[in-house]
Amino acid sequence: MPYSTELSGWATLSGLAPRLREARIARLFEVERQRPARMTLRTCGLVADFSKQAIDAAAWDALDALGHEAALPAAIDALFGGEAVNFTERRPALHMALRGSCAPPAGDEAALAEAMGRARQLAEALRAGALTGRTGRAIRTVVNLGIGGSDLGPRMAVEALAESNRGAAPEVRFVANIDPAEFDEAVRDAEQATTLFIVSSKSFTTAETLANAELARTWLRAGLGEGADTVAHFAAVSNATGAAEAFGIARERIFAIPPWVGGRFSLWSAIGLPLMIAVGTAAFDALLAGARAMDAHFRDAPLALNLPVRMALTGIWNTDLLGIETLAALPYAHRLRSLPAWLQQLEMESNGKRCRRDGSTSPVPTAPVVWGGAGTPGQHAFHQLLYQGTRRVALDFIVPVRGHDSASRALVENALAQAAALMAGRDFETATRSLLARGLAEAEASRLAPHLVSPGNQPSTTLLLPDLDPVSLGALLALYEHKVFVQGWIWGIASFDQYGVELGKEMARALAAGNASAGDPSTRALLAAAEAMRR
Ligand code: F6P
């Protein structure tokens, strides 16, 4: 299979791009009256409007044609069929099997069901106040010790959903950083006798998580007594169950996650235990159901109407054909404030790569820099750059419509206003008129007007979610997961490995070991300076 950049569809898109790079998106609505209807997709309760993208009817169809030419339907079949789409590590990526959308590899079914069954029981026992610590008191605080995919998914989902179904559940907190300040903060008002730690690490080798697990044991003993048995205060989620046992975690409290689930795709596995505890297993099942609905849509919908495919191809267009380097994720919900961080790992750890299947280097840019933050606070901070900075930025507005109070209407209105204003912009004449209308003298108005000009033309997708509930969240997260798969396929890169981050870990180990030749002159001088400051 040739790379997508070698296909005739890519050449067609390259032919269309120069004109659309310059085009005013707002003008496209004048010539394409059906634009909002034609470029809005509806599935799984979500409404996705792509009409504010710099894509006209010809490019919209050409992107669909590229998807067909790149054999996307076969790629999607390969993903769900358990083929080794993780081609560097020679294994499948079957996170969809965790939500019942396809079969796990033969022989893995029973072990998976057993681990998930036990995780559910633990979660419900904790929620019922039926799980006790060493002194016989019920556990009231649960602290997840994990990083990357063993942190970002459950942390974000607990924030998003916990308030809706907290009940009498223990409070769930998260510690990722090797900086003990985060640990200290998490346990500040907690009692050792009523605290349970979940050591979440697929590999059970991650330095930060192991350091925090040791810190937890020390902290527990400070309250329970020096040398006290802390086994009642630990659980673990890992693929390396032997290593978890060797750390001292009871076998019945270790929940296995399979090797074919990537860390950043693992919320649906026992890595979701903190979420099950915070919201209950029924809500966790609803999250899985939402993701399952998106899986079915992704597998069965024609490419032209396939939301993850459309989102992926729009991203390819922005990144490769228009040369836009960043994607801002803008959730208009306080409870989705950690979504950009989850998305950063998903997109940048999956597709922040240059090496293609055959070892050659991608001739086109791959993953954009993903960043963002919750609306509306961002409007009073970084949106300035979106309005008047020198860069074009692609935007995803993510907007739950029904909130829990009247403010939800204001959030929707703000999100839509930002998307509209960032597309429309303001020209010199309009700026001048508005200054004159404010009563400024002509000379002063023309002096100030250039500073009010906003080029606009920022391309955006607006995603409406009916509510911030488990079903909608599940669909949203699965949407982005599948988007990432499609983009990785188009770019011909290995979306499911993360060899890059290993380089930094090796350097950290070399520096920590005091290896005199590790690093470079600058690094060695800085280490010495830090050492001197410590004295
Ligand atoms: O170092 C990167 C990484 O391996 C991520 O891919 C992963 O999500 C994270 O670290 C945590 O890994 P683990 O769950 O094995 O501790």
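This report describes the ligand site, the domains and two backbone features of a predicted model.

Residues are numbered from 1 along each chain as its sequence is written. In this predicted model, local features need pLDDT of at least 70, side-chain atom pairs count only at pLDDT 80 or more, and totals for chains, interfaces and linings use all residues, while side-chain values use heavy atoms, with hydrogens and water left out.

**The ligand site**

The ligand is surrounded by 13 residues, and the closest are Ser 150, Ser 201, Ser 203, Thr 206 and Lys 505. A residue counts as near the ligand if one of its heavy atoms lies within 4 Å of it. By class, this shell has two nonpolar, eight polar and three charged residues. In this scheme Ala, Val, Leu, Ile, Met, Phe, Trp, Tyr, Cys and Pro count as nonpolar, Asp, Glu, Lys and Arg as charged, and the others, Gly among them, as polar.

The table lists polar contacts of the ligand, a polar contact being a pair of N or O atoms within 3.5 Å.

| Ligand atom | Protein partner | Distance |
|---|---|---|
| oxygen | Gly 149, polar backbone atom | 2.7 Å |
| oxygen | Ser 203, side-chain N or O atom | 2.6 Å |
| oxygen | Lys 505, side-chain N or O atom | 2.7 Å |

On its own the ligand has 390 Å² of accessible area, of which the protein covers 88%; such areas come from the Shrake-Rupley method with a 1.4 Å probe. Helix H14 (339-351) and helix H20 (500-512) are the elements that give two or more residues to the shell around the ligand. Helices (H or I, at least four residues) and strands (E, at least two) are DSSP runs, numbered from the N terminus.

**Domains**

The protein chain is divided into domain 1 (38-69 + 301-423 + 458-495), domain 2 (95-285), domain 3 (425-456) and domain 4 (500-534). These bounds come from an automatic or database domain assignment. The C-alpha centres of domain 1 and domain 4 lie 38 Å apart.

**Backbone features**

Gly 375 and Thr 376 are joined by a cis peptide bond, with omega about 10°. Thr 376 belongs to the loop between strand S9 (369-372) and helix H15 (383-388). Arg 90 is not a glycine, yet Arg 90 has a positive phi of about 50°. The loop between helix H5 (72-80) and helix H6 (109-127) contains Arg 90.

Notes: A polar contact is a pair of N or O atoms within 3.5 Å; within protein, one must be able to donate a hydrogen and the other to accept it, and residues adjacent in sequence count only if both atoms are side-chain atoms.
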